[in-house]
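Hi,

Here is the structure I promised to pass on. Have a look at it first, and then read my notes underneath.

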Amino acid sequence: VSSRENGNFSSSVDGHFLGFLLQYLSDPSLKGKVCFVGMSNRPDQLDPALIRDGRFDKKIPFLPANATDRAKILASSFKHKGLRVDEELIDQLNAYAEDGASPVAEINTLIENTDNWSHASLGSLVQKAFEASMSDERAVVLADLVHAETLIIPTPMNEEMLMRSIGSLNDLEFVPEEWRDSFMERKRQSSTKDTKRRAQGKASR
């Protein structure tokens with residue numbers, strides 16, 4: 001639901017829908033009976049009335065996976081897609097997920113090279129590795145995954161948009177510590193810039 005302030009409504013239907021939705025969200029008779037779930041990839045364009053405190057009890061950001069989680073995603077994607085894969089590769093990925101490093105150099109490089117990849121891009125990587133193995137009718141091995149990484153053009157996560165997503169939350173409960181620290185640092189920098197800008201404005205008068 002776009003913001004009314006930005007004039008993003010495509011028709012009067014959008015305005016009526018937002019009004020109806022806000023009324024429904026605020027209906028006390030639905031408390032404890034209806035669970036509202038909403039998702040958006042542009043939280044910065046949502047109407048402020050929709051995301052103010054009291055509308056949604058919990059807001060959960062979807063952030064890029066860290067290194068160990070990327071290893072978990074790759075391992076689980078093979079199983080989830082039902083693809084034939086060498087069990088040694090799965091063991092190597094799971095070991096990285098558990099220890100944060102691998103004695104196999106190619107695994108470390110692969111995980112490092114997929115930093116800031118979206119979950120969809122990681123899924124495409126698994127699919128590309130599988131396609132390479134199909135020509136020989138064999139299980140996917142590490143070499144397939146390494147080669148596939150050189151072919152995939154990932155969709156990187158926009159850091160500015162991610163920070164806006166975090167900034168739209170009620171609190172930082174569901175934000176990983178590394179992202180929490182980065183967000184607070186950017187917030188401090190922004191506050192410092194605003195203070196300097198106001199001071200310069202006063203000095204120029």
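By contact I mean heavy atoms within 4.5 Å of each other. Keep in mind that this is a predicted model.

With that in hand, start at Leu145. Once you set aside its neighbours within four places in sequence, Leu145 is in contact with Phe78, Leu89, Leu93, Leu110, Leu125, Val126 and Ala129. Leu145 also belongs to the largest nonpolar core, which has 28 residues. Which of those residues touch the most other members? They are Leu74, Phe78, Leu89, Ile107, Leu125 and Leu145. As for the elements, those giving two or more residues to this core are α3 (67-80), α4 (87-99), α5 (105-113), α6 (119-134) and α7 (142-149). Apart from this core lies another one, of 8 residues, and among them are Leu63, Met163, Trp179 and Phe183.

Next, α5. The buried residues here are Ile107, Leu110 and Ile111. Looking down the axis of α5, you'll find its buried residues within an arc of 95 degrees, so they line one face of the helix. And what covers them? The cover for the buried residues of α5 includes α3, α4, α6 and α7.

One polar residue to click on while you're there is Gln92, which sits in helix α4. Is Gln92 buried or exposed? Its relative accessible area is 15%, and buried means under 20%, so Gln92 counts as buried. Leaving out residues within four places in sequence, Gln92 has contacts with Val104, Ile107 and Leu142. Ile107 is the residue you just met among the buried ones of α5.

Then there's Lys81, in the loop between α3 and α4. At 38% relative accessibility, Lys81 counts as partly exposed, because that class runs between 20% and 50%. Not counting residues up to four places away in sequence, Lys81 touches Gly123, Val126 and Gln127. Lys81 and Gly123 are 42 residues apart along the chain, yet 9.3 Å separates their C-alpha atoms. Val126 is worth a second look, since it turns up in the contacts of Lys81 and also in those of Leu145.

Last, the surface. Phe20, Tyr24 and Val34 make a nonpolar patch of about 270 Å². Of these residues, Phe20 lies in helix α1, residues 12-25.

That's what I have for now. Shout if anything is unclear.

Cheers

Technical notes. Residues numbered from 1 in each chain as written. Predicted model: local features only at pLDDT ≥ 70, side-chain atom pairs only at ≥ 80, totals over all residues. Heavy atoms only, no water. Patch = residues over 30% accessible without salt bridge, like charges linked within 9 Å, V, L, I, M, F, W, Y side chains within 5 Å. Areas by Shrake-Rupley, 256 points an atom, 1.4 Å probe, with all protein chains shown as cover. Salt bridge = Lys/Arg side-chain N within 4 Å of Asp/Glu carboxyl O. Helix = DSSP H or I, 4+ residues; strand = E, 2+ residues; numbered from the N terminus. Core = buried A, V, L, I, M, F, W, Y, C linked by side-chain atoms within 4.5 Å. Buried < 20%, exposed > 50% of the residue type's maximum accessible area, 1.4 Å probe, protein only. Arc of directions from axis to C-beta.
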